[in-house]
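Colleague: I should like to learn how to read a protein model step by step. May we work through one together?

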Amino acid sequence: MDLSYKQKTTKAAVYIIITALAALIQNTQGLTIEIGGARCFLLIPVCVILAMGEDERFGALIALFGGLLWDLTSAVHLGFNAIYLCIMCFFGASLVTYIFRNIFLTNFIYSVITIMLYCLLYWLFFIIFANIKGAELSLFSFYLPSGIYTIAVTPIIYFSLKPVKKALNKPIKFLN
């Protein structure tokens, strides 16, 4: 789609603000609701949904920004979130650009895959491979419930971001 420089800049600024707000809500104690100790990984569906339907580079950069904001609050896994979100959003944007349509079902399924893969990989790399004693059950006590909680919130995020994305992707109207 043909957007002017001003429209592209406005869209990038709005996406950065949305990603920063999601990071603020996710990483600030008391701003999110924890259900039974499960936390909502808000940045994953926000970055995935913003990246889907966009250029691969732009989607990956928004996800990289979101991952870096997430990594700023962690002392253990510096860079993991940024790299993971960047790669997954790059592939998500590529899938929508070349294979699938940018509809709710595509966004939801890809978000579910991204969320559950994140929970599994994080648990595997930073709990199991770190050889933390007695933490094997954290997959069932924290990571899977957090993943399910995030999946439950994903439709709300999609339908909240859809009008914003639609408004920002209006093409240039040429005067004849």
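Modeller: The dialogue that follows takes up the overall fold, one helix, the salt bridges and a surface patch. Please keep in mind that this is a predicted model.

Colleague: Let us begin with the fold. How many helices and how many strands are there in the chain?

Modeller: A first reading lists the elements in order. The chain holds six helices and zero strands, and along the sequence the pattern reads α-α-α-α-α-α. The radius of gyration is 17 Å, close to the 16 Å that the globule rule gives for 176 residues, so the chain is as compact as a globular protein of that length.

Colleague: What box do the C-alpha atoms fill?

Modeller: Taken along the principal axes, the box is roughly 70 × 30 × 25 Å.

Colleague: What share of the residues is buried, and what does the chain expose?

Modeller: A residue is called buried when its relative accessible area is under 20%. By that criterion, buried residues make up 43% of the 176 residues. The chain exposes about 9900 Å², of which carbon and sulfur atoms supply 72%. One may also look at contacts: among those with a separation of 6 or more, 74% are between residues 24 or more positions apart.

Colleague: Now a single helix. What span should α1 have?

Modeller: The idea is to multiply out the rise per residue and compare. At 1.5 Å a residue, the 23 residues of α1 should span 33 Å, and the end C-alpha atoms are 33 Å apart, which agrees.

Colleague: Which residues of α1 are buried, and against what do they pack?

Modeller: The buried residues of α1 are Lys11, Ala12, Tyr15, Ile18, Thr19, Ala22, Ala23 and Gln26. They pack against α2, α3 (56-72) and α6 (138-168).

Colleague: May we take Ala22 as an example? With which residues is Ala22 in contact, leaving aside its neighbours within four places in sequence?

Modeller: Ala22 is found in helix α1 and counts as buried because its relative accessibility is 5%. Beyond those neighbours, Ala22 is in contact with Leu42, Leu43 and Val46. Its C-alpha atom is separated by 9.8 Å from that of Pro45, a residue 23 positions away along the chain.

Colleague: Next, the charged side chains. How many salt bridges does the structure hold?

Modeller: Side chains of opposite charge can pair when their charged atoms come close. This structure holds two salt bridges. In one of them, the side chains of Glu54 and Lys11 meet at 2.7 Å, N to O. Glu54 lies in the loop between α2 and α3 and Lys11 in helix α1, so the pair ties together parts that are 43 residues apart in sequence.

Colleague: Are Glu54 and Lys11 buried or exposed?

Modeller: Both Glu54 and Lys11 are buried. Another salt bridge joins the side chains of Asp55 and Arg57 at 3.6 Å, N to O. There, Asp55 is partly exposed, with a relative accessible area of 35%, whereas Arg57 is exposed, at 61%.

Colleague: Finally, the surface. Which residues make the nonpolar surface patch?

Modeller: A patch is read by asking which side chains form it and where they lie. Ile17, Leu21, Leu24, Ile25 and Leu31 make a nonpolar patch of about 440 Å². Of these, Leu31 lies in the loop between α1 (5-27) and α2 (43-51). Leu31 has a relative accessible area of 47% and is therefore partly exposed.

Note on methods. Residues are numbered from 1 along each chain as its sequence is written. This is a predicted model: local features need pLDDT of at least 70, side-chain atom pairs count only at pLDDT 80 or more; totals for chains, interfaces and linings use all residues. Side-chain values use heavy atoms; hydrogens and water are left out. Patches are made of residues with over 30% relative accessible area and no salt bridge: like charges are joined within 9 Å, nonpolar side chains (Val, Leu, Ile, Met, Phe, Trp, Tyr) within 5 Å. Accessible areas come from the Shrake-Rupley method with a 1.4 Å probe; for residues, only the protein chains shown count as cover. A salt bridge is a side-chain nitrogen of Lys or Arg within 4 Å of a carboxyl oxygen of Asp or Glu. Helices (H or I, at least four residues) and strands (E, at least two) are DSSP runs, numbered from the N terminus. Buried means under 20% relative accessible area, exposed over 50%, partly exposed in between (1.4 Å probe, protein chains only). The expected span of a helix is 1.5 Å times one less than its number of residues. Contact means heavy atoms within 4.5 Å. The radius of gyration is taken over C-alpha atoms; the globule rule is 2.2 Å times the number of residues to the power 0.38.
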